[in-house]
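Work through the exercises below with the sequence and the model side by side. Try each task before reading its solution.

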Amino acid sequence: TGFVYDRISRKGLESAVASGEGFSVGAASYEALVVSDFPVATPEAMASLEALASAGVPILVMGGLPSRAPGLVDHEARDLAVTESAARLASAVRAVTTASELGPALLSAGLTPALSAPSGEAFVFSPERRVTPRGDLVLLFNESNEDRHQTLAVHLDASSVDVLDPSTGGVLERVSLVTAAPSV
């Protein structure tokens, strides 16, 4: 659906801080959190998840919330802390079953992707976004073995978009973004 994602470590999650319209981990900032493959968590990570949920950060959970803490030291108390936290979080997070549900769930949470395909059309690229001193760079990866072309709406705070040649890095086209929902 045109959303760009990043990964944070379990330890990074423990240091996540709600800020503005999302949260940050170190210098990186995010608008939402997708939790997946997370059957085991520290009580500290769970406390961080609870703080983010309390701050209104959209949290999507794929595969369920953790049910125990890692390790054997004081495992009963730590497991209990994790399961109690998961119980409190259950009503504050949105469960998704498959990856195809993530985009619509993020849209329904009020988030806007950097780029979007026309309504009803599948997004045929894998986007990757980087912030550089000169502006945002959104790379579109064609992960198929066929040529693909698609008109996309741009949802970035920008006055123009440069379409680059993937072979040379040179500018193929500069598109001015003067309309409400520009397309490239």
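Glutamine 150 is buried, with a relative accessible area of 12%; buried means under 20% relative accessible area, exposed over 50%, partly exposed in between, with a 1.4 Å probe and protein chains only. The model is predicted, so local features need pLDDT of at least 70 and side-chain atom pairs count only at pLDDT 80 or more, while totals for chains, interfaces and linings use all residues. Residues are numbered from 1 along each chain as its sequence is written, and side-chain values use heavy atoms, with hydrogens and water left out.

**Exercise 1. Place glutamine 150.**

Task: Find the loop that holds glutamine 150, and state how far it is from alanine 77 in sequence and in space.

Solution. Step one: glutamine 150 sits in the loop between S9 and strand S10 (153–154). Strands here are DSSP runs of E with at least two residues, helices are runs of H or I with at least four, and both are numbered from the N terminus. Step two: alanine 77 is 73 residues away in sequence from glutamine 150. The C-alpha to C-alpha distance between these two residues is 53 Å.

**Exercise 2. Describe the whole chain.**

Task: How many helices and strands does the protein chain have, and what share of its residues is buried?

Solution. Step one: count four helices and twelve strands. Step two: of the 184 residues, 32% are buried. Step three: take the box along the principal axes; the C-alpha atoms fill roughly 60 × 30 × 30 Å. Step four: the exposed area is about 11500 Å², with 52% supplied by carbon and sulfur atoms. Areas come from the Shrake-Rupley method with a 1.4 Å probe; for residues, only the protein chains shown count as cover. Step five: look at contacts, meaning heavy atoms within 4.5 Å. Among those between residues at least 6 apart in sequence, 61% join residues at least 24 apart.

**Exercise 3. Order the antiparallel sheet.**

Task: Give the strand order of the open antiparallel sheet of three strands, and explain why one side of each edge strand lacks a neighbour.

Solution. Step one: the order is S1-S2-S3. Two strands pair if DSSP finds at least two bridges between them. Step two: strand S1 (17–19) and strand S3 (28–30) are at the edges; each has a single partner strand, so one side of each has no neighbour in the sheet. Step three: the twist from one strand to the next averages 35°. Axes are lines fitted to C-alpha atoms, for helices over the stretch in contact, and angles run from 0 to 180 degrees between N-to-C directions. Step four: S1 and strand S2 (residues 22–25) run antiparallel and are joined by three bridges. Serine 19 faces glycine 22 in S2.

**Exercise 4. Order the parallel sheet.**

Task: Which strands stand at the edges of the sheet S4-S5-S6?

Solution. Step one: this is an open sheet of three strands with parallel pairing. Step two: S4 and strand S6 (94–96) are the edge strands, and each pairs on one side only. Step three: neighbouring strands are turned by 25° against each other on average, direction ignored. Step four: four bridges pair S4 with S5 in the parallel sense. Valine 35 stands opposite valine 61 in S5.

**Exercise 5. Read two hairpins.**

Task: How many residues join S8 to S9, and which glycine in the hairpin of S11 and S12 takes a positive phi?

Solution. Step one: strand S8 (residues 126–132) and strand S9 (residues 135–141) pair antiparallel over seven bridges. Two residues form the hairpin connection. Arginine 130 is opposite leucine 137 in S9. Step two: strand S11 (residues 160–164) and strand S12 (residues 171–176) run antiparallel, joined by five bridges. Aspartate 162 has arginine 174 in S12 as its bridge partner. Six residues lie between these strands, and glycine 169 takes a positive phi near 85°.

**Exercise 6. Compare single residues.**

Task: Is aspartate 37 buried or exposed, and is serine 48 buried or exposed?

Solution. Step one: aspartate 37 is exposed, at 63% relative accessible area. This residue is in the loop between strand S4 (33–36) and helix H2 (43–54). Its phi is positive, near 50°, in a residue other than glycine. Step two: serine 48, in helix H2, is buried at 6%. Beyond its neighbours within four places in sequence, serine 48 contacts Leu13, Glu14 and Ala16.
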